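Hi there,

Here is the structure I promised to pass on to you. Have a look at it first, and then read on for what turned up in it.

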Amino acid sequence: MDRDIEIITCKEIEPLLDGCFDGELSASEMHTTKEHLGQCDDCQAKLKEIQSVSQALAALPKLNVKRDLAESILQKAQAKPSSEKNNVVLFKRKEFLAVVAGVLLIGLLVQFLNQAPIKVAEKPQEIRSPEYLSQQSPEQIIKQSKPAQAKSKPAIASSTKDLKLAIKSNKPASKISPVQSHTTVEKLAIASRGTEDVLAFDYGYQPNLMEGMGIATDEDGLYALKM
Amino acid sequence: MELTDEALLESFRKTGNSDCFTTLVRRYQDRLYNLAYRVLTNEEEAEEVVQDTFLRIHEGASNFRTSNVFAGWLFRIAHNACLDILRTRQKEIGNLSFDDTQPIRDGVEKTRLVLQQIADGKVGPEENVRLQEQAQLIEESLKELPDEQRVVVVLRDVEGFSYEEIASIVGSSAGTVRSRIHYGRLKLRELLRSYVLAADSAPLSR
């Protein structure tokens, strides 16, 4: 047999020798290994070493535990679930607290949202026809409209339509310009009367509120609407 | 008739009969201790592994599938417990020593010296003494193997598991197990060669 080929074959076979000794090779590997062993004294010696080492390991004295551990393990095992049970309860309590905290948080959030400054006019402004207005003097018109205004605060969202718009656009009703809510009839009234009276007709006379609504006063005390 | 491991565990799981559990402990505690000691070479840690393993079995009895082999599951848990201790040791050694390889090199040299003394016939001739020395030498040599090789060699040659069973226990392929067994035994052959060759005419007793 060629020496080089034999060396290569031994290198290939050597990793299989342990499997061969243990009977853990496939049929083809076992066949190849046995065929090689039949011709190679070196590999036979290695196999014998493997056998000796394996037998020496198996011959090591069997060590035993110094005491029976069964009872002590059982006691520990039985003691453990109770502590785990407490942990579970504690965990459930934590969960419960987390849920309660979440509910409270949601409640606060809802309350906060409900406090958004949307104020609804108690009663929409009564719209009167131009014919009716022409029959009434401005003083009468003011007189008729004031009691209603006195009951309610200045109408920020002064009509149902404006309120719906505010809700739909998710925009505070206060952002809607009061001027936009005037009906044509009211605008006519504004045009036909002194500024202060007309404003009183529409909102009641409240100077601070006027400024907040974009109505400025000049040096002469006259009001001007910023359209 | 003695119940199988799986039947005992099933009975314990269904009825909570602690006798079934303690029977399993008594059936395996020595084998587990033996394995753990061979891997860890420390009595206290070996006992700790036995206790931890059975505690986990007790806790996880409901997770055991009856189609599995109880011993495989048991030794897998024990193997993992051993690995945990070895890892802790590695960390401690890493923290304490700048040269981790020094103790290993010292151990190898010591083993070689003892082997040479035995081969030279300087140790007592009595058979009893020889067997004790043999066991001590093999244990010392076993310590020199890397952990992953030592575990599979012990599982194979001391506990007698098949490659497939070992693969399941250590969580690797049968090919890896075969390779580790090969290199583990190769190193043992190198360490024990002079002794094995000296005792060639009188093979090591099993």
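Which residues have the most contacts inside the largest nonpolar core? They are B:Ala36, B:Val50 and B:Ala78, in a core of 62 residues. Helix H2 of chain B gives the largest share of this core, 11 residues. Please keep in mind as you read that this is a predicted model.

B:Val50 is a good place to start looking around. Setting aside neighbours within four places in sequence, B:Val50 is in contact with B:Gln29, B:Leu32, B:Tyr33 and B:Ala36 in chain B, and with A:Val65 and A:Leu69 in chain A.

**The two chains**

Chain A has 10 helices and two strands. Reading from the N terminus, the helices of chain A come one after another and the two strands follow them. Of the 227 residues in chain A, 19% are buried. If you count the contacts in chain A with a separation of 6 or more, 60% of them join residues 24 or more positions apart.

Chain B is made up of nine helices and zero strands. Buried residues account for 35% of its 206 residues. For chain B, residues 24 or more positions apart make 64% of the contacts with a separation of 6 or more.

**Where the chains meet**

The contact between the chains draws on 30 residues from chain A and 36 residues from chain B. On the side of chain A that touches chain B, the elements giving two or more residues are helix H1 (3-22), helix H3 (41-58) and helix H4 (70-114) of chain A. H3(A) supplies the largest share of that side, with nine residues. Sorted by class, that side of chain A holds 16 nonpolar, five polar and nine charged residues.

One residue to click on here is A:Lys62, which sits in the loop between H3 and H4 of chain A. Is A:Lys62 buried or exposed? A:Lys62 counts as exposed, because it has 10 C-beta neighbours inside 10 Å, and the cut-off for exposed is 12 or fewer. Beyond its neighbours within four places in sequence, A:Lys62 is in contact with B:Asp30 and B:Asn34.

**Helix packing in chain B**

H2(B), the helix that gives the largest share of the core, covers residues 18-40 of chain B. Its packing against two other helices is described below.

With helix H1 (residues 5-15) of chain B, H2(B) packs at an angle of about 145°, and the axes are 7 Å apart. The crossing of H1(B) past H2(B) is left-handed. From H1(B), the residues making this contact are B:Asp5, B:Leu8, B:Leu9, B:Ser11 and B:Phe12, and from H2(B) they are B:Cys20, B:Phe21, B:Thr23 and B:Leu24. By class, the contact of H1(B) with H2(B) has six nonpolar, two polar and one charged.

With helix H7 (residues 147-158) of chain B, H2(B) packs at an angle of about 145°, with 9 Å between the axes. Here H2(B) passes H7(B) in a right-handed crossing. B:Asn34, B:Leu35, B:Arg38 and B:Val39 of H2(B) meet B:Arg150, B:Val151, B:Val154 and B:Val158 of H7(B). That contact is formed by five nonpolar, one polar and two charged residues. B:Asn34 thus appears in this contact and also among the contacts of A:Lys62.

H7(B) deserves a look of its own. How many of the 12 residues of H7(B) are buried? The count is 10 of the 12, so H7(B) is largely enclosed by the rest of the structure. The buried residues include the charged ones B:Arg150, B:Arg156 and B:Asp157. From its first C-alpha to its last, H7(B) reaches 15 Å, close to the 16 Å expected at 1.5 Å a residue. B:Gly160 follows H7(B) and has a positive phi, near 80°.

**One more residue**

B:Glu45 lies in helix H3 (residues 43-59) of chain B. B:Glu45 counts as partly exposed, because 18 C-beta neighbours lie inside 10 Å. Apart from neighbours within four places in sequence, B:Glu45 is in contact with B:Leu40 and B:Ile85. B:Glu45 and B:Ala81 are 36 residues apart in sequence, and their C-alpha atoms are 9.8 Å apart in space.

Happy browsing, and best wishes!

Key. Residues are numbered from 1 along each chain as its sequence is written. Chains are lettered from A and ligands numbered from 1 in the order in which they are written. This is a predicted model: local features need pLDDT of at least 70, side-chain atom pairs count only at pLDDT 80 or more; totals for chains, interfaces and linings use all residues. Helices (H or I, at least four residues) and strands (E, at least two) are DSSP runs, numbered from the N terminus. A residue is buried if 20 or more other C-beta atoms lie within 10 Å of its own, exposed if 12 or fewer, and partly exposed in between; C-beta atoms are placed from the backbone. Two residues are in contact if their C-beta atoms, placed from the backbone, lie within 7 Å. Axes are lines fitted to C-alpha atoms, for helices over the stretch in contact, and angles run from 0 to 180 degrees between N-to-C directions. A crossing is left-handed if the near helix is turned anticlockwise from the far one by less than a right angle, and right-handed if clockwise. The expected span of a helix is 1.5 Å times one less than its number of residues. A nonpolar core is a set of buried Ala, Val, Leu, Ile, Met, Phe, Trp, Tyr and Cys residues joined through C-beta atoms within 7 Å.
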